[in-house]
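Subject: Structure handover

Hello,

Here is the structure we talked about. Please open it alongside this note; my findings follow below.

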Amino acid sequence: MAAWWPAAVVVLGVVAMVAQRRVSTGPVVIAVVGLVLLAGTLDWTSGDLLVPTVLAGVGIAVLLGLRRHHGTRTPIALFGGASSKERSKHLSHADVSAVFGGVTLDLREAHIDSSADVDAFALFGGVDVLVPEGWRVSVGGMPFMGGIDDKTDNEGRVLPDDAPVLTVNGTALFGTVTVANQPKP
């Protein structure tokens, strides 16, 4: 079996972390899966690493989930779909990841004090971030063979100087990150 594709998976995860300038859930999952596949391909171990790695990953996710604030969710879709509606009264940060799937993060009922940010990661999938009208939106990031789109309706609209600002940092590797006011029809 060729060892280049597990190494490419590791590189994709690391590139996504570098692009986001922080360690977030989606890229870490991709890098760890790539390392497990690479270890199995290169016979670095005497046994199968997939099952112990999955069990350890579930354990770590549970432990990290216990430490999170109850008002903050991190929707993740692996080979499927997920949807999350955030109703936080003081939203400051959110992570959202889609790997071979799709995720919708609905922020239309959330409140931002002055500014907040969302780290969106899409690998062969799509992330939709829904924001209310009246928020200033700054969208940026790194698309590689994918796209990052701002489809909000704020063009031509005069927003007050104290309008809340949402910064969306997207990483789209063969996928899309879209910010809009309304869901796709």
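Take the contacts between residues at least 6 apart in sequence: 64% of them join residues at least 24 apart. Bear in mind that this is a predicted model.

**Overall make-up**

The protein has 185 residues, and 38% of them are buried. Its accessible surface is about 10400 Å². Carbon and sulfur atoms account for 62% of that area. DSSP elements come to three helices and 10 strands. The order along the chain is simple to state: from the N terminus, α-α-α, then β-β-β-β-β-β-β-β-β-β.

**First sheet to look at**

Five strands make an open sheet in the order β1-β3-β5-β9-β7. Pairing is parallel. The edges are β1 (76–78) and β7 (136–144). Each of these two has a single partner strand, so one of its sides has no neighbour in the sheet. From one strand to the next, the twist averages 10 degrees.

Within this sheet, look at β7 and β9. They run parallel and are joined by nine bridges. Methionine 142 stands opposite threonine 171 of β9.

**Second sheet to look at**

Another open sheet of five strands follows the order β2-β4-β6-β10-β8. Here too the pairing is parallel. At its edges stand β2 (81–85) and β8 (147–151). Both have a single partner strand, so each keeps one side without a neighbour in the sheet. Neighbouring strands are turned by 10 degrees against each other on average, direction ignored.

The pair to check is β4 (residues 102–106) with β6 (residues 126–130). Five bridges link them in the parallel sense. Leucine 105 has valine 129 in β6 as its bridge partner.

As a reminder, strands of a sheet pair through backbone hydrogen bonds, either parallel or antiparallel.

**A nonpolar patch on the surface**

Which residues make the nonpolar surface patch of about 830 Å²? They are Ile76, Leu78, Phe79, Phe100, Phe124, Phe144, Met145 and Phe174. Two of these residues, Met145 and Phe174, deserve a separate look.

**Two loop residues with positive phi**

Most residues other than glycine have a negative phi. Methionine 145 has a positive one, near 55 degrees. Phenylalanine 174 also has a positive phi, at about 60 degrees, and is not a glycine.

Where do they sit? Methionine 145 is in the loop between β7 and β8. Phenylalanine 174 is in the loop between β9 (165–173) and β10 (176–180).

Is methionine 145 buried or exposed? Its relative accessibility is 62%, so methionine 145 counts as exposed, the cut-off being over 50%. Phenylalanine 174 has a relative accessible area of 33%. That value falls between the limits of 20% and 50%, so phenylalanine 174 counts as partly exposed.

**Where to start**

I would open the two loops first. Met145 and Phe174 both belong to the nonpolar patch. The loop of methionine 145 runs between β7 and β8, and β7 is an edge strand of its sheet. β8 stands at an edge of the other sheet. The loop of phenylalanine 174 lies between β9 and β10. In the sheet orders, β9 comes between β5 and β7, while β10 comes between β6 and β8.

Send me your comments once you have had a look.

Best wishes

Technical notes
Residues are numbered from 1 along each chain as its sequence is written. This is a predicted model: local features need pLDDT of at least 70, side-chain atom pairs count only at pLDDT 80 or more; totals for chains, interfaces and linings use all residues. Side-chain values use heavy atoms; hydrogens and water are left out. Two strands pair if DSSP finds at least two bridges between them. Helices (H or I, at least four residues) and strands (E, at least two) are DSSP runs, numbered from the N terminus. Axes are lines fitted to C-alpha atoms, for helices over the stretch in contact, and angles run from 0 to 180 degrees between N-to-C directions. Buried means under 20% relative accessible area, exposed over 50%, partly exposed in between (1.4 Å probe, protein chains only). Contact means heavy atoms within 4.5 Å. Accessible areas come from the Shrake-Rupley method with a 1.4 Å probe; for residues, only the protein chains shown count as cover. Patches are made of residues with over 30% relative accessible area and no salt bridge: like charges are joined within 9 Å, nonpolar side chains (Val, Leu, Ile, Met, Phe, Trp, Tyr) within 5 Å. A salt bridge is a side-chain nitrogen of Lys or Arg within 4 Å of a carboxyl oxygen of Asp or Glu.
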